[in-house]
Amino acid sequence: MKLIAIVGTNSTKLTNRQLLQYMQVHFADKADIELVEIKDLPVFNKPADQKVPELASEIASKIRAADGVIIGTPEYDHSIPAVFMNALAWLSYRIFPLLNKPIMITGASYGTLGSSRAQLQLRQVLNAPEIKANVLSNEFLLSHSLQAFDSQGNLVDLETIQKLDAIFDDFRLFVKITGKLSNAQELLHKEAENFDWESVYNLKEN
């Protein structure tokens, strides 16, 4: 199984990236997980020439080729980071690699909530008309993440590892099931291409 793991931040030192790196090694016998960085994407501004940046196109191509996507998001001010929202904006502009794509959300935080509020918001964003991803209901929240890893980058708490193992096994099954639910794929893509927020607002005003 080929999976893409998106690092939802531009921070160089982050336990969310550390968690994805741990999963990459820990689940190596179950899946090929490639980490993808978004920190070098330009700030989204609807381009006059309607061209998508090369890096956004490359990320989109990797997502399309993958069986599923794992997202690691921190929580900033009760929300997902601006740099990650920026990435999602590019990935829903003229290219739609996340349509019906199975998604597993993970999140780590220094406190007790483990990015729970950011994950809740992210689920809403991933349901947007131009994205329409297929998100696993189970979530993985890693609290007190600064104390969660040993010096080799491994999780130290057995119950936490067992929970991650169980959710990841559910995700692998979810990926296989979602892969068979492709009848509406072409219709979803057409709807995403034709969706226009400006038209929606004009209809409301009229």
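This briefing covers the fold, two buried positions, the salt bridges and a surface patch of one chain. The model is predicted. The chain holds seven helices and six strands, and in sequence order these follow the pattern β-α-β-α-β-α-β-α-β-β-α-α-α. Of the 206 residues in the chain, 46% are buried.

**Overall fold**

- Of the contacts between residues at least 6 apart in sequence, 80% join residues at least 24 apart.
- The chain exposes about 11000 Å², and carbon and sulfur atoms supply 50% of that area.

**Helix H3 and Val83**

- Helix H3 spans residues 82-90 and includes Val83.
- The buried residues in H3 are Val83, Phe84, Asn86, Ala87, Leu88 and Trp90.
- The cover over these buried H3 residues includes two strands, E1 (2-7) and E3 (68-72), and two helices, H2 (54-65) and H4 (116-126).
- Val83 has a relative accessibility of 16% and therefore counts as buried, the cut-off being under 20%.
- Leaving aside residues up to four places away in sequence, Val83 touches Gly8, Thr9, Asn10, Ile38 and Lys39.
- Ser11 lies 72 residues from Val83 in sequence, while the C-alpha atoms of Ser11 and Val83 are 9.8 Å apart in space.

**Strand E4 and Thr106**

- Thr106 belongs to strand E4, which runs over residues 102-108.
- The relative accessible area of Thr106 is 0%, so Thr106 is buried.
- Beyond residues up to four places away in sequence, the contacts of Thr106 include Asn16, Leu19, Leu20 and Met23.
- Thr106 also touches Ile70, Ile71, Gly72 and Thr73, as well as Gln119 and Phe140.

**Salt bridges**

- Side chains of opposite charge can pair when their charged atoms come close.
- The chain has eight salt bridges, and three of the pairs are described below.
- Asp32 pairs with Lys2, with 3.6 Å between the closest N and O atoms. Asp32 is in strand E2 (residues 32-37) and Lys2 is in strand E1, so this salt bridge ties together parts that are 30 residues apart in sequence.
- Both partners are partly exposed: Asp32 has a relative accessible area of 46%, and Lys2 has a relative accessibility of 26%.
- Glu37 pairs with Arg17, and here the closest N and O atoms are 2.9 Å apart. This pair links distant parts of the chain, since Glu37 is in strand E2 and Arg17 is in helix H1 (residues 15-26), 20 residues apart.
- Glu37 is partly exposed at 29% relative accessibility, whereas Arg17 is buried, with a relative accessible area of 9%.
- Arg172 and Asp169 form a salt bridge with an N to O distance of 3.4 Å. Both residues lie in helix H5, three residues apart, which is about one turn of the helix.
- Arg172 is partly exposed at 23% relative accessibility, and Asp169 is partly exposed with a relative accessible area of 32%.
- Salt bridges with shared partners also join Lys2, Asp32, Glu34 and Lys62 into one network.

**Nonpolar surface patch**

- Leu173, Ile177 and Leu181 make up a nonpolar patch on the surface. Together these residues have about 300 Å² of accessible area.
- Leu173 lies in helix H5, which covers residues 158-180. Helix H5 also carries the Arg172 and Asp169 pair.

How values were computed: Residues are numbered from 1 along each chain as its sequence is written. This is a predicted model: local features need pLDDT of at least 70, side-chain atom pairs count only at pLDDT 80 or more; totals for chains, interfaces and linings use all residues. Side-chain values use heavy atoms; hydrogens and water are left out. Helices (H or I, at least four residues) and strands (E, at least two) are DSSP runs, numbered from the N terminus. Buried means under 20% relative accessible area, exposed over 50%, partly exposed in between (1.4 Å probe, protein chains only). Contact means heavy atoms within 4.5 Å. Patches are made of residues with over 30% relative accessible area and no salt bridge: like charges are joined within 9 Å, nonpolar side chains (Val, Leu, Ile, Met, Phe, Trp, Tyr) within 5 Å. Accessible areas come from the Shrake-Rupley method with a 1.4 Å probe; for residues, only the protein chains shown count as cover. A salt bridge is a side-chain nitrogen of Lys or Arg within 4 Å of a carboxyl oxygen of Asp or Glu.
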